[in-house]
Amino acid sequence: MGAKLGGGGSGRFDLGQNSEINVTPFVDVMLVLLIIFMVSIPAATVSIKLDLPPAVPPPPGAKVEEPTVINIQDGGVFIGEDATTIERLATDLARILDKPDPTQERVYIRANRDVRYGEFMRVMNTLQGNGYFQVALINEEL
């Protein structure tokens, strides 16, 4: 609360009240906070430098391999269109991939929304137990 120092009062020592707000301290505090944030924000951002390869499309006429997809449905497990079981999954997958080291190939998994989590994890555990670690999941929006 401020005091009025000008004349015109009723008495010699009657100063009256000043109803104006002094915003100078508020502005000073805000400017100090602004400077602190401007200095600290660049130091707080974390950037990770990624050295990504350039995107190069395959040459025209080049053979592009179809991905190997394991479909999990309520009725069973399918490698592409071929039906299989959990027990035969690794051997059927190696036969379909037909590579010298089939465990180095990427395998995609797509599951129906009605598939229980336990069935999905049995397929994942079977693949990992047989050395297939390059497994990707397919997510499709409805």
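Select asparagine 112 to begin: with a relative accessible area of 35%, asparagine 112 is partly exposed. The model you are looking at is predicted. You will find asparagine 112 in the loop between β6 and α3. Which residues does asparagine 112 touch, leaving out those up to four places away in sequence? Show Ile72 and Gln73, and you have them. Isoleucine 72 sits 40 residues from asparagine 112 along the chain, yet their C-alpha atoms are separated by 6.2 Å.

**Zoom out to the whole chain**

Switch to a cartoon view. The chain has three helices and seven strands, and reading along the sequence gives the pattern β-β-α-β-β-β-α-β-α-β. The radius of gyration is 35 Å, well over the 14 Å that the globule rule gives for 142 residues, so the chain is more spread out than a compact globule. Turn the model to look along its principal axes: the C-alpha atoms fill a box of roughly 110 × 40 × 30 Å.

Now try colouring by accessibility. Of the 142 residues, 19% are buried. The accessible surface comes to about 11800 Å², and carbon and sulfur atoms own 58% of that surface. If you display contacts with a separation of 6 or more, residues 24 or more positions apart account for 58% of them.

**Next, select helix α3**

Pick residues 117-129, which form helix α3. A distance check is a nice warm-up here. At 1.5 Å a residue, the 13 residues of α3 should span 18 Å, and the end C-alpha atoms are indeed 18 Å apart.

Which residues of α3 are buried? Show side chains for Phe120, Val123, Met124, Thr126 and Leu127. Look down the axis of α3: these buried residues fall within an arc of 160 degrees, so they line one face of the helix. Tyr117 and Gly129, on the other side of α3, are exposed.

To see what covers the buried residues of α3, bring in the surrounding elements, including β3 (68-73), β4 (76-79), α2 (89-97), β6 (107-111) and β7 (135-137). Before leaving, step just past the end of α3 to glycine 131, which takes a positive phi of about 95 degrees.

**Then move to helix α2**

Select residues 89-97 for α2. Its buried residues are Leu89, Ala90, Asp92, Leu93 and Leu97. Viewed down the axis of α2, they fall within an arc of 165 degrees, so they too line one face of the helix. Thr91 and Arg95 are exposed on the face of α2 turned away from its buried side.

What covers the buried residues of α2? The cover includes β3, β4, β5 (82-84), β6 and α3. After α2 comes aspartate 98, with a positive phi near 50 degrees.

**Stay on α2 for a charged network**

Side chains of opposite charge can pair when their charged atoms come close. This structure holds three salt bridges, and aspartate 92 is a good place to start looking. Is aspartate 92 buried or exposed? At 11% relative accessibility, aspartate 92 counts as buried.

Show arginine 88 as well, and check the pair: the closest N and O atoms of aspartate 92 and arginine 88 are 3.4 Å apart, forming a salt bridge. Arginine 88 counts as partly exposed, at 41% relative accessibility.

Now add arginine 95, whose side chain meets that of aspartate 92 in a salt bridge of 3.7 Å, N to O. Arginine 95 and aspartate 92 are three residues apart in helix α2, which means about one helical turn separates them. Arginine 95 counts as exposed, with 54% relative accessibility. Select Arg88, Asp92 and Arg95 together, and you have one network joined by salt bridges that share partners.

**Last stop: glutamate 65 and lysine 99**

Finish with the salt bridge between the side chains of glutamate 65 and lysine 99, at 3.2 Å, N to O. This pair links distant parts of the chain, 34 residues apart. Where do the two partners lie? Glutamate 65 is in the loop between α1 (24-44) and β3, while lysine 99 is in the loop between α2 and β6. Glutamate 65 is exposed, with a relative accessible area of 53%, and lysine 99 counts as partly exposed at 29% relative accessibility.

Terms used
Residues are numbered from 1 along each chain as its sequence is written. This is a predicted model: local features need pLDDT of at least 70, side-chain atom pairs count only at pLDDT 80 or more; totals for chains, interfaces and linings use all residues. Side-chain values use heavy atoms; hydrogens and water are left out. Helices (H or I, at least four residues) and strands (E, at least two) are DSSP runs, numbered from the N terminus. The expected span of a helix is 1.5 Å times one less than its number of residues. Buried means under 20% relative accessible area, exposed over 50%, partly exposed in between (1.4 Å probe, protein chains only). The arc is that of the directions from the helix axis to the C-beta atoms. Contact means heavy atoms within 4.5 Å. The radius of gyration is taken over C-alpha atoms; the globule rule is 2.2 Å times the number of residues to the power 0.38. Accessible areas come from the Shrake-Rupley method with a 1.4 Å probe; for residues, only the protein chains shown count as cover. A salt bridge is a side-chain nitrogen of Lys or Arg within 4 Å of a carboxyl oxygen of Asp or Glu.
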